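This report describes how the helices of a single model pack against one another and which residues lie in its interior. The sequence and structure are shown first.

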Amino acid sequence: MVENRPWLTVFAHIVLILGVAVIAFPIWITFVASTHDSATMLRPPVPLLPGSHMVENYTRVLGEGFAQASRTPLWQVLANSLIMALGVCIGKIAISLIAAYAIVYFRFPLRMTAFWMIFITLMLPIEVRIVPTYNVVANFGMLNSYGGLIVPLIASATATFLFRQFFLSVPDELTEAARVDGAGPTRFFFDILLPMSRTSIAALFVIQFIYGWNQYLWPLLITTEESFYTVIMTLSRQANVVDGVPQWNLIMTVGMLAMLPPVLVVVLMQRQFVRGLVETEK
């Protein structure tokens, strides 16, 4: 029997509202700052209501960039981040699917050794292997290129492990039925396994897109040309200018625009993302 306690419902709603307010308040301050001029943001107190410079700030940043440290228009910076994020998440998913498929459905020498070597790389974050990785990328002439931004980050032990566990849960009878119907390895992969993995792919797409979008250290290391800067790099450079005062109104404008793509991905793929994480067959 469920006991009806209205005061508990009221208390739960109050806690939720306070939680939302705490999370949303910094975003609100960022939006408000993006609608004021630079002088207003440099004198206390920080305004809590929107100003009248919203269109001016967003138009300036998107079309001209900053007057300090970078003259690259923000649309180009956002395009770089988008290309990198899509390349990283698509590359990770594609390679992980193929690797997991080979490990589960093919028998070859040192198969499990190869899997555990992939899994062990979880213990080696990019900060540990960044020097040898940079050396390899430099030797291949991939500095200041989209290939240099994307290729070193597309291997994923986590995604390989998740797909392997999912493939192991696929009934053997399904494999036998496909073999009886004359389906080869390629057809079995594309016509059966890939459609069954769509929720897992959607969940990993969301996670890896945000991972690629928020990359800072690796792009900072291998890019020296402004035409390849990402939005996170641009934000950091503008907030740490040496020969001038940070233009906080424009920095907050960039911050608001930088939040939009990840938020849109999460909102548009929320249902598939949740299903990919909680489905019972996983």
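Leaving aside neighbours within four places in sequence, I154 is in contact with G87, V88, G91, K92 and I95. The model discussed here is predicted. I154 is found in the loop between helix 7 (146-150) and helix 8. With a relative accessible area of 17%, I154 falls under the 20% cut-off and is therefore buried. The C-alpha atoms of I154 and F228 are separated by 18 Å, and these two residues are 74 residues apart along the chain.

**Interior of helix 4**

A further buried position is N80, which lies in helix 4. The relative accessible area of N80 is 1%, so this residue is buried. Not counting residues up to four places away in sequence, N80 touches Y146, S227, F228 and Y229. Between N80 and I98, which are 18 residues apart in sequence, the C-alpha to C-alpha distance is 27 Å.

**Nonpolar cores**

The largest nonpolar core comprises 35 residues, and L74, F163, F167 and V231 have the most contacts inside it. At least two residues of this core come from each of helix 3 (54-63), helix 4 (74-105), helix 8 (157-168), helix 10 (185-196), helix 11 (198-213) and helix 14 (248-268). Helix 4 gives the most to this core, with 10 residues. V231 touches L74, V77, L78, S81, W213, V254 and A258, when residues up to four places away in sequence are not counted. A second core, separate from this one, has 10 residues, including V137, L149, I150 and L153.

**Packing of helix 8**

Two packed helices are described by the angle between their axes and the distance between the axes. The table gives these values for three pairs that involve helix 8.

| Helix pair | Angle between axes | Distance between axes |
|---|---|---|
| Helix 4 and helix 8 | about 45 degrees | 8 Å |
| Helix 5 (residues 111-120) and helix 8 | about 135 degrees | 8 Å |
| Helix 8 and helix 11 | about 165 degrees | 11 Å |

The angle of about 45 degrees makes helix 4 oblique to helix 8. Their crossing is right-handed. On the side of helix 4 the contact is made by I93, S96, L97, A99, A100, Y101, I103, V104 and Y105, and on the side of helix 8 by A159, T160, F163, R164, F167 and L168. By class, the residues of this contact of helix 4 with helix 8 divide into 12 nonpolar, two polar and one charged.

Helix 5 and helix 8 are likewise oblique to each other. In this pair, M112, F115, I118 and F119 of helix 5 meet A157, T160, F161 and R164 of helix 8. The residues of this contact comprise six nonpolar, one polar and one charged.

Because angles over 145 degrees count as roughly antiparallel, helix 8 and helix 11 are roughly antiparallel to each other. Helix 8 passes helix 11 in a right-handed crossing. Here A159, L162 and F163 in helix 8 meet S200, I201 and L204 in helix 11. This contact of helix 8 with helix 11 has five nonpolar residues, one polar residue and no charged residues.

F163 of helix 8 takes part in the contact with helix 4 and in the contact with helix 11, and F163 is also among the residues with the most contacts inside the largest nonpolar core. R164 of helix 8 belongs to the contact with helix 4 and to the contact with helix 5.

Conventions
Residues numbered from 1 in each chain as written. Predicted model: local features only at pLDDT ≥ 70, side-chain atom pairs only at ≥ 80, totals over all residues. Heavy atoms only, no water. Core = buried A, V, L, I, M, F, W, Y, C linked by side-chain atoms within 4.5 Å. Buried < 20%, exposed > 50% of the residue type's maximum accessible area, 1.4 Å probe, protein only. Helix = DSSP H or I, 4+ residues; strand = E, 2+ residues; numbered from the N terminus. Contact = heavy atoms within 4.5 Å. Axes fitted to C-alpha atoms, helices over the stretch in contact; angles between N-to-C directions. Parallel < 35°, antiparallel > 145°, perpendicular 65-115°, else oblique. Left-handed = near helix turned anticlockwise from the far one by under 90°. Nonpolar A, V, L, I, M, F, W, Y, C, P; charged D, E, K, R; others polar.
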